[in-house]
Amino acid sequence: MGSKGSILITRSIVSCAPAFKVNVVDTVGCGDSFTAAIAFGFLHDMPPVNSLALANAVGAATATGCGAGRNVAHLGKVLELLRQADLNEDDEWWNELIEGNLETKEVRLLSRTPVNGCSSHLVRHPIYSVVSDLLSKFEGAYERSIMHS
């Protein structure tokens, strides 16, 4: 959904994540990068909201560069965006979308709200706990890649 974020719907859960705020240079390759991160999350049994956060960060990092191929997101840029955790939150828009269109008992939304919480069937997942989990998975790999470069 571009600058609004993304929704991942599985048989058992609906997860939503606002986009990361970035200065967009070029959107070529963003969809492919996003999809690759979703596949990575699925293959590594990541919670859907974590997969969305990663995919949004990878897509956003790709948008800050120019072109596709070797110009897509690099892990360092993805980690930087995750650490900044600057989401394009628009609670009114998400509430309208969820309340008016999704018929499910629970919707998980990535949020800057510092604690897990519920509002009707909207369950907020704090970005900082999701980022902490993602950073623990990727920072070691990033450090190893720098040492081997």
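F40 counts as partly exposed, because its relative accessibility is 31%, where buried means under 20% relative accessible area, exposed over 50% and partly exposed in between (1.4 Å probe, protein chains only). The model is predicted, so local features need pLDDT of at least 70 and side-chain atom pairs count only at pLDDT 80 or more, while totals for chains, interfaces and linings use all residues. Residues are numbered from 1 along each chain as its sequence is written, and side-chain values use heavy atoms, with hydrogens and water left out.

F40 takes part in the 1 aromatic pair counted here; rings of Phe, Tyr and Trp (its six-membered ring) pair if their centres lie within 6.5 Å, and planes under 30 degrees apart count as stacked, over 60 as edge-to-face and the rest as tilted. The ring centres of F40 and F138 are 5.5 Å apart and the planes meet at 40 degrees, so this pair is tilted. It links distant parts of the chain, with F40 in helix α1 and F138 in helix α5 (residues 127-147), 98 residues apart. F138 is buried, at a relative accessible area of 12%.

What, then, does helix α1 pack against? Helices are DSSP runs (H or I, at least four residues), numbered from the N terminus, and α1 covers residues 30-43. Its buried residues are C30, S33, A37, I38 and G41. Seen down the axis of α1, these fall within an arc of 140 degrees (taken from the directions from the helix axis to the C-beta atoms), so they line one face of the helix. They pack against α2 (48-63), contact meaning heavy atoms within 4.5 Å. The face turned away from the buried side carries the exposed residues D32, F42 and L43.

Key: Helices (H or I, at least four residues) and strands (E, at least two) are DSSP runs, numbered from the N terminus. The expected span of a helix is 1.5 Å times one less than its number of residues.
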